[in-house]
Amino acid sequence: MYKSIIRPIFFSFDPEKIHHFTFSLIKFVSKIPGMSSMFRSLYQVKDIRLEREVFGIKFPNPVGLAAGFDKEAKLYNELSNFGFGFIEIGTITPKAQTGNPKKRLFRLKKDQAIINRMGFNNQGVEAAIKNLKKKQANLIVGGNIGKNTNTSPEDYTADYEVCFKALHPYVDYFVINVSCPNVGSHAKLQDKGYLLELLGSLKALNQKELKQKPIVLKIAPDLNNQQLDEIVEVVAATKIDGVIAANTSINRAGLQTSITELETIGNGGLSGKPITERSTAVIKYLSEKSNKSFPIIGVGGIHSAQDAIDKLKAGATLVQVYTGFIYEGPKLVKEINKAILKSI
């Protein structure tokens, strides 16, 4: 029903406008008595064999929703009814910002992909905390944090520290987003020396807390092997808890969408099926190079149960969906969990 009726209607409207409409629709429908229970009965797969204990957290199943969908922690409770084992909110920045000028979100239907240059649009960390105070019990929420676009390079670390300290009581794990191609000084954020400084600072803050929260690093799929080697070295040196592989890509090779259309769209991060193989290759490389010494959350181009299984086989411990959730609908989460059970 989703792909034959709902998706064609949604895809006939502007992507960003329909995203906000969908949020309002899910919020409204979920308030109708019995609807949340119906969603859970339709999409949740409960089985002890799906449980995963990763960096000290017990996940009810290994399929999560990636950051970027619920940027401001407005809908995570309702989204959990669609069968996710965990929800990642953000990217959250210290101060509210409007992001890049519109139009900034584009569908590549021929490629089953999306290009976005949203630019960390969100209402800031305090607004996110207000929403996170409504978190349902037993729901695992990750906090994806970044810097404000206009922050000076010498203050990048301070931005991450502000978000880390403020969100610490409200999220179950942290994702340090240094790989979004839609923010300034992208290169510095992925420099090995700076990563050691940033992650070291956040680790020090974490150690001051009564209960430490896991810290994972989100990397780009466009890193070469030398850069991936450096990521392995950074994880070992800082002793952070894991890596998310991978974010959106700036690579446009092999797309079916015409060059003319791509030029009209302009810059932005590519997600969806075109990055399926590359993100899986990054997972495999990191897993093998590190001798599986840290958990990897696999994300990027998961549009089918097999895509998720491939990432798990490559070395991922957990997986996340985003663009595949938009193209395939909520049944994708259930299909992945059922496929995992069959593969056991």
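**Strand pairing, a buried loop residue and aromatic contacts**

In this predicted model, Asn121 is found in the loop that runs between strand 6 (113-116) and helix 5 (125-132). Although it belongs to a loop, Asn121 is buried, its relative accessible area being 12%, which falls under the 20% that sets the limit for a buried residue. When residues up to four places away in sequence are not counted, the contacts of Asn121 are with Lys71, Glu72, Gln97, Thr98, Gly99 and Arg104.

Strand 6, which precedes this loop, takes part in an open sheet of three strands arranged in the order 5-6-11, with antiparallel pairing. The edges of this sheet are taken by strand 5 (105-108) and strand 11 (269-272), each of which has a single partner strand, so that one side of each is left without a neighbour in the sheet. From one strand to the next, the twist averages 25°. Strand 5 is joined to strand 6 by four bridges in the antiparallel sense, and Leu108 stands opposite Ala113 of strand 6.

A further set of paired strands is centred, for the purposes of this description, on strand 9. Five of the five residues of strand 9 (residues 215-219) are buried, and the strand is therefore largely enclosed by the rest of the structure. In a regular strand the side chains alternate between the two faces of the sheet. In strand 9, Ile215, Leu217 and Ile219 point one way, whereas Val216 and Lys218 point the other way, and all are buried. Strand 8 (residues 173-177) runs parallel to strand 9 and is joined to it by four bridges, with Ile215 of strand 9 as the bridge partner of Phe174. Strand 9 also pairs with strand 10 (residues 242-245), again over four bridges and in the parallel sense, and here Val216 stands opposite Gly242 in strand 10. Between these two strands the chain passes through helix 9 (residues 225-238), forming a β-α-β crossover that is right-handed.

Aromatic contacts were examined next, and a search of the whole structure finds 15 aromatic pairs. A pair of aromatic rings is described by the distance of the centres and the angle of the planes. For Phe23 and Phe69 the ring centres are 5.8 Å apart and the planes stand at 40°, so the pair is tilted. Because Phe23 lies in helix 2 (residues 15-30) and Phe69 in the loop between strand 3 (63-65) and helix 4 (76-79), this pair ties together parts that are 46 residues apart in sequence. Both Phe23 and Phe69 are buried. The rings of Phe82 and Phe325, with centres 6.5 Å apart and planes at 70°, form a pair that is therefore edge-to-face. This pair links distant parts of the chain, since Phe82 is in the loop between helix 4 and strand 4 (86-92) and Phe325 is in helix 13 (residues 323-328), 243 residues apart. Phe82 and Phe325 are likewise buried. The residues of these two pairs belong to a cluster linked by ring pairs, which comprises Phe23, Phe39, Tyr43, Phe69, Phe82, Phe84, Tyr322 and Phe325.

Charged side chains are also placed over an aromatic ring, that of Phe11. Arg7 lies over the face of Phe11 at 5.7 Å from the ring centre, while the charged end of Arg107 sits over the ring of Phe11 at 4.5 Å from its centre.

Conventions: Residues numbered from 1 in each chain as written. Predicted model: local features only at pLDDT ≥ 70, side-chain atom pairs only at ≥ 80, totals over all residues. Heavy atoms only, no water. Buried < 20%, exposed > 50% of the residue type's maximum accessible area, 1.4 Å probe, protein only. Contact = heavy atoms within 4.5 Å. Pairing = 2+ DSSP bridges. Axes fitted to C-alpha atoms, helices over the stretch in contact; angles between N-to-C directions. Right-handed = clockwise from strand over helix to strand, strands pointing away. Phe/Tyr/Trp six-rings, centres within 6.5 Å; stacked < 30°, edge-to-face > 60°. Lys NZ or Arg CZ within 6 Å of the ring centre and 35° of its normal.
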